[in-house]
Amino acid sequence: MCGIVGYLGHRDCSDVLVDTLSNLEYRGYDSAGIAVFDAQNTIQTVKAQGKLQNLRNKLEKNGRPEGHIGIGHTRWATHGEPSDINSHPHSAPRVTIVHNGIIENYQELKEFLIGEGRTFLSETDTEVVAQLLDYYYDGNPLTTIDRVMGEVSGSFALGIMFMDFPDRIYAVRRESPLIVGVADGETFIASDVTAILQYTKNYYLLEHDEIATLTKDSISFVDKRLVPIEKELKVADWDKEAAQKGGYAHFMIKEINEQPNAIMTTVNPRIKDGLPNLEECGLTLEMIREFKSITVVACGTAMHAGLVGKYVIEGIARVPVTVDIASEFRYRNPIIGEGDLVIIISQSGETADSLAALRLAKQRGAKVLAIVNAKGSSIAREADMVIYTLAGPEIAVASTKAYITQISVMYLFAFELALAKDTVSVAECKRLTKALQQMPEAVQYVIDTVDETCKFVGSQLITAESLLYIGRGLDYALSMEGSLKLKEVSYIHSESYAAGELKHGTISLIDDDMPVIAVATQSDLMEKTISNVVEVKSRGAKVILVCTDACAAKIKDGIADYMITIPHTDELLMPITAVVPLQILAYYTSINRGANPDQPKNLAKSVTVE
């Protein structure tokens, strides 16, 4: 969602704030702004609707605030439309703030403040917090912040400047992520360590309801009782180069190309003597042998990774698996308890609905395993066990390498679970594990061989207004991810259906030249899938078939208008290679339609609100 930054030091603050905000553009936003303490110790605020370049243009035209302390923000509209007025930072007479999250009781607080004579310029919940801080201000920022935290409900991360304290910034969080960075004679706040990597890799994680006080030379922390606390200094395990495009046109295609290494980095450390070994993640054979059922809870792409996991776990370990959308799971009174395992999958580790689902599962007595990419994230910290997907930074909003590492982890878990349940032999588990270790090479081969074909096919989708993805079994799970990827970055209306369900209503949508993308990698389902392809083709559809080379050799001419072929590997593992052409196709369709695949409209990388 929104991006928060703050800086105290010797550099030009405006430059640092804009630079760090540019590193958070991937989070999704529709306006940006900065506020800086100037030489006269007044706060100068500049903000602009639209992309960060609009803010740069305004600073260039009207002059940049000069100073060494300030806060900045990229906003993703929730309360109030995108506009200069609704953009952050927001101010009251003695306070200026930036905010990520949602204040759930803002309307009640706003009515109270209006009754006290306060007036509002914007429609945002954020301005309510600024006015409330100013209303309760007693000369002591810490006690004021503490009182306001007791009044507001919801999720928030705040960067706060008080006019009376021009040498410092205050930061506080509840639910929404916020880190505090430190360098020599400089300090920072940011929603994500990505923002500040060009300046420092050293940072502290703020916990819920902790308050940080920053000057350029010092950082101090207090807990929710305002008792001073010590915190562990952390060091980011990747550098600024990892968050740069590295010569690629977009982050999305760069991250697609990084997938072979991401799989290898995630899988290889979790293999011992040819078998999966997840003991370092808190999972032992004895423990997982006792799980009666498994529920996978996630959102979007992570949920699709869970669906692949369901097919694989049920197929080889014979343990029942339910896959639930996090936003539905927590409201349907799920049947879980002791002896059950809940797997939470989240790239950011801060997804609000998934975090709430985790807490519900623990309340019900289930064990929780987190599969996340972000070390130290809320989900990672609160889960009973955690497996990190070591994908490195993923900047493009539409996930690619985080997804492929998520399903790689699901395979590792499924193999170990099957071994624990005695549904596969040691020899078979070793064979599957070795095949998984060979996936980086297979993925690289697919990247190298399908790029030009995907580019051409993507050019044929420029005018499409709507299309369908179809598949069966594991291919159906893949088609769901392919459909989501395409709609995310190209804005073409796209839906995914189990191929066998077409005749139960959906086939009525087929007309001349409507694109249908069929995925067919499973030999036992091949004939039935091709039969469904023939059904849509006979009704005028333009068919794009993604299949194995073995399948392609058996298909009659004319069944598909375009064919994207990939090598046949172990069929259980086909989702790892078969998703690659779907990702690349979405990428080229996006750029052929003039969209920015890295920053799709209306989307955010880390969804920290419900």
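Reader: Is Ser483 buried or exposed in this model?
Author: Happy to start there. This is a predicted model, and Ser483 is found in helix 16, residues 474-490. Its relative accessible area is 1%, and the cut-off for buried is under 20%. Ser483 is therefore buried.

Reader: Which residues does Ser483 touch, leaving out those up to four places away in sequence?
Author: One of the contacts of Ser483 is Tyr469, a residue that is itself paired, with Ile517 of strand 25 as its bridge partner. The full set of residues touched by Ser483 is Tyr469, Ser494, Glu495 and Ser496.

Reader: In what order do the five strands of the open sheet run?
Author: The pairing in this sheet is parallel. Strand 24 (493-498) and strand 27 are the edge strands, since each pairs on one side only. Neighbouring strands are turned by 15 degrees against each other on average, direction ignored. The order is 24-23-25-26-27.

Reader: How many bridges join strand 23 and strand 25?
Author: Strand 23 covers residues 466-471, and its pairing with strand 25 is in the parallel sense. Helix 17 packs on the sheet here, touching strand 23, strand 25 and strand 26. The direction of helix 17 makes about 170 degrees with that of strand 25. The number of bridges between strand 23 and strand 25 is three.

Reader: Is strand 26 largely enclosed by the rest of the structure, or largely open, and how many of its residues are buried?
Author: Strand 26 spans residues 542-548 and has seven residues in total. It is largely enclosed by the rest of the structure, because the buried ones number six of the seven.

Reader: What is the handedness of the crossover from strand 25 to strand 26?
Author: Strand 25 (residues 515-520) pairs with strand 26 in the parallel sense over six bridges, and Pro515 has Lys542 as its bridge partner in strand 26. Between the two strands, the chain passes through helix 17, residues 526-537. This β-α-β crossover is right-handed.

Reader: Through which helix does the chain cross from strand 26 to strand 27?
Author: Strand 26 and strand 27 (residues 562-566) pair in the parallel sense over five bridges, and Thr548 stands opposite Ile566. The β-α-β crossover that links these strands is right-handed. The chain makes it through residues 549-554, which form helix 18.

Reader: Is Thr565 buried, partly exposed or exposed?
Author: Thr565 has its place in strand 27. Not counting residues up to four places away in sequence, it touches Val450, Cys547, Asp549 and Ala552. Its relative accessibility is 35%, which falls between the cut-offs of 20% and 50%. Thr565 therefore counts as partly exposed.

Reader: How far apart are the C-alpha atoms of Thr565 and Gly154?
Author: Along the chain, Thr565 and Gly154 are 411 residues apart. In space, their C-alpha atoms are separated by 49 Å.

Reader: Are helix 7 and helix 15 roughly parallel or roughly antiparallel?
Author: Helix 7 (residues 259-267) and helix 15 (residues 439-459) pack with their axes 8 Å apart, at an angle of about 170 degrees. Angles over 145 degrees count as roughly antiparallel. Helix 7 is therefore, relative to helix 15, roughly antiparallel.

Reader: By class, which residues make up the contact of helix 7 with helix 15?
Author: Helix 7 contributes Gln259, Pro260, Ile263 and Met264, while helix 15 brings Pro440, Val443, Gln444 and Ile447. By class, the contact has six nonpolar, two polar and no charged residues.

Notes:
Residues numbered from 1 in each chain as written. Predicted model: local features only at pLDDT ≥ 70, side-chain atom pairs only at ≥ 80, totals over all residues. Heavy atoms only, no water. Buried < 20%, exposed > 50% of the residue type's maximum accessible area, 1.4 Å probe, protein only. Helix = DSSP H or I, 4+ residues; strand = E, 2+ residues; numbered from the N terminus. Pairing = 2+ DSSP bridges. Right-handed = clockwise from strand over helix to strand, strands pointing away. Axes fitted to C-alpha atoms, helices over the stretch in contact; angles between N-to-C directions. Parallel < 35°, antiparallel > 145°, perpendicular 65-115°, else oblique. Contact = heavy atoms within 4.5 Å. Nonpolar A, V, L, I, M, F, W, Y, C, P; charged D, E, K, R; others polar.
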